[in-house]
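Here is a set of short exercises to work through with the model open beside you. Try each task before you read the solution.

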Amino acid sequence: MPDTAAMPIPGQIDPVPTSRPITPRADGRIDVLGIPREAIRDLFAEAGLDAKQAKLRAKQVYHWLYHRGATEFAAMTDISKAMRPWLEERFVIGRPEVVEAQHSTDGTRKWLLKTADGHEFEMVFIPDADRGTLCVSSQVGCTLNCTFCHTGTMRLVRNLTPGEIVGQVMLARDTLGEWPKGKMDVSDDADENEYRADGRLLTNIVMMGMGEPLYNFDNVRDALRLVMDGEGLALSKRRITLSTSGVVPAMARCGEEIGVNLAVSLHAVSKEVRDEIVPINRKYGLEELLKACADYPGASNARRITFEYVMLKDKNDSDEDAHELVRLLREYDLPAKVNLIPFNPWPGSVYECSTPERIRSFSNIVFEGGISAPVRTPRGRDIDAACGQLKTAAEKKSRAQMDREAAEAEATAA
Ligand code: SAH
Ligand code: SF4
């Protein structure tokens with residue numbers, strides 16, 4: 001079981017257990033997934049290889065991991081037969097364990113996953129005609145408590161490691177059969193095109209699963225670097241979007257050090273309403289947030305910032321709210337698009353979704369203000385895979401168990 005040490009998370013008052021990125025497993029082996037290539041080289045050197053060998057083996061292993069999807073050293077045919085067991089004794093190639101996989105009638109898939117130390121989290125794949133989007137989790141639970149979000153009712157268990165984050169993308173590629181097939185000998189790189197798969201299903205990544213990615217900044221950055229690395233998973237940063245509830249101090253770093261598209265969970269245009277439904281607003285207010293958006297490195301009319309806005313009946317969905325939204329986005333001169341998300345209810349949620357007419361009216365006002373405001377179609381509702389519905393089965397069960405116990409106690413008292 002990985003050693004978990006109490007480390008403070010920024011913005012979080014109480015220290016929470018966070019697993020360290022490079023921690024040997026119970027059998028002493030180190031998981032190389034999620035470790036940058038130079039660090040793999042250093043690990044190989046520490047384990048006894050000379051500098052030249054360590055560099056060569058790290059290059060080969062890295063290629064097998066991220067280009068070929070290898071899950072064992074035995075498959076790495078350009079590494080000498082004697083070397084493969086040496087690696088196997090000291091290192092492993094991890095994947096999150098799949099506890100349950102569900103398939104929605106609309107094609108959406110959801111996986112309940114488990115870390116090596118037994119924490120459950122979720123990942124969702126959403127296929128569309130022109131793209132396939134993987135919704136990746138950054139934390140088990142969330143420290144924030146947005147009142148409309150099911151994940152927000154979980155306490156934060158811990159940050160996911162870079163390996164657990166990039167491992168979700170690897171696992172999705174495993175399941176979708178997206179590793180290059182055919183020739184397994186990569187000694188001659190001129191042959192690369194022969195096994196490179198075209199027309200992949202998984203084309204986009206959104207950091208919109210469980211957790212607040214900017215409260216797990218370093219691990220999310222390191223994982224996304226592996227995803228974006230041309231020698232790694234080689235997915236363009238333009239196809240990756242990170243969603244934040246508004247962790248203002250980390251936003252500039254996100255643009256500078258990761259450089260992916262930014263989505264901001266705005267959801268309200270007044271202090272009063274945003275303080276209530278997105279409580280981080282009490283710490284970093286609207287003005288500060290919109291200023292940070294205006295300063296986001298890389299934002300331009302070609303790369304607009306997405307503002308997510310969940311439609312809650314009688315809470316944030318009036319025509320006045322829509323006008324105020326347009327005014328604010330203009331005031332800060334933001335290259336913006338607005339994503340209107342119909343509220344997805346979950347057991348015990350206190351809100352209702354706005355009516356379709358209300359959503360249409362809101363959308364029209366924003367659109368007339370010169371800002372695109374599509375309404376997002378909820379996907380995978382039948383398997384609880386839609387936005388904000390992610391909460392692990394174990395947690396749901398314990399909640400159901402609690403409800404049953406409460407009902408029993410009430411019956412006894414009566
Ligand atoms: N923590 C990050 C990313 C995960 S949430 C964030 O808050 O941005 C991904 C998106 O789903 C956010 O915009 C979130 O506000 C939205 N969401 C949460 N609960 C929802 C619900 N019940 N219905 C619709 N959208 C929801
Ligand atoms: Fe956390 Fe995002 Fe849910 Fe808010 S909406 S509780 S930040 S996961």
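**Exercise 1. Cysteines**

Task: Find how many disulfides the structure holds, and decide whether Cys-135 is buried or exposed.

Solution: Keep in mind that this is a predicted model. Start with the count: the structure holds zero disulfides. Next, take Cys-135, which has a relative accessible area of 9%. Buried means under 20%, so Cys-135 is buried. Finally, look at Cys-353, where the value is 26%. Partly exposed covers the range from there up to 50%, and Cys-353 is therefore partly exposed.

**Exercise 2. The surroundings of ligand 1**

Task: Describe the shell around ligand 1, then list polar contacts to this ligand.

Solution: Begin with the shell itself. Ligand 1 is surrounded by 20 residues, and the closest are Phe-148, Ser-243, Ser-265, His-267 and Asn-344. Sorted by class, the shell has nine nonpolar, nine polar and two charged residues. Which strands each supply at least two residues of this shell? They are β12 (240-244), β14 (305-311) and β15 (336-342).

Now go through the contacts one at a time:

- Ser-243 places a polar side-chain atom 2.6 Å from an oxygen atom of ligand 1.
- Gly-211 has a polar backbone atom 2.9 Å from a nitrogen atom of the ligand.
- Asn-344 also has a polar backbone atom 2.9 Å from a nitrogen atom of ligand 1.

As a last step, turn to the area. On its own, ligand 1 has 530 Å² of accessible area, and the protein covers 95% of it.

**Exercise 3. The surroundings of ligand 2**

Task: Name the residues around ligand 2 and sort them by class.

Solution: First list the cysteines around ligand 2, which include Cys-142, Cys-146 and Cys-149. Then add Leu-144, Gly-152, Gly-211 and Ser-245. By class, this shell has four nonpolar, three polar and no charged residues. Gly-211 is a residue you have already met, through its backbone contact with ligand 1.

**Exercise 4. Strand β12**

Task: Work out which way the side chains of β12 point, and find what stands opposite Ile-240.

Solution: A general rule helps here: in a regular strand the side chains alternate between the two faces of the sheet. In β12, Ile-240, Leu-242 and Thr-244 point one way, while Thr-241 and Ser-243 point the other way. How many residues of β12 are buried? Five of its five are, and the strand is mostly covered. For the pairing, look at strand β11 (residues 204-207), which runs parallel to β12 and is joined to it by three bridges. Ile-205 is the residue that stands opposite Ile-240.

**Exercise 5. Asp-117**

Task: Locate Asp-117 and find the partners of its side chain.

Solution: Asp-117 sits in the loop between β6 (109-114) and β7 (120-127). Its relative accessibility is 12%, so Asp-117 counts as buried. The side chain of Asp-117 makes polar contacts with the side chain of Thr-115 at 2.5 Å and with the side chain of Arg-158 at 2.7 Å.

**Exercise 6. Sequence and space**

Task: Compare separation along the chain with separation in space for Arg-37 and Glu-231.

Solution: Arg-37 belongs to helix α1 (residues 37-46) and, at 26% relative accessibility, counts as partly exposed. Arg-37 and Glu-231 are 194 residues apart along the chain, yet their C-alpha atoms are separated by 9.6 Å.

Notes:
Residues numbered from 1 in each chain as written. Chains lettered and ligands numbered in written order. Predicted model: local features only at pLDDT ≥ 70, side-chain atom pairs only at ≥ 80, totals over all residues. Heavy atoms only, no water. Near = heavy atom within 4 Å. Polar contact = N/O pair within 3.5 Å; in protein donor to acceptor, adjacent residues only side chain to side chain. Areas by Shrake-Rupley, 256 points an atom, 1.4 Å probe, with all protein chains shown as cover. Helix = DSSP H or I, 4+ residues; strand = E, 2+ residues; numbered from the N terminus. Nonpolar A, V, L, I, M, F, W, Y, C, P; charged D, E, K, R; others polar. Disulfide = S-S within 2.5 Å. Buried < 20%, exposed > 50% of the residue type's maximum accessible area, 1.4 Å probe, protein only. Pairing = 2+ DSSP bridges.
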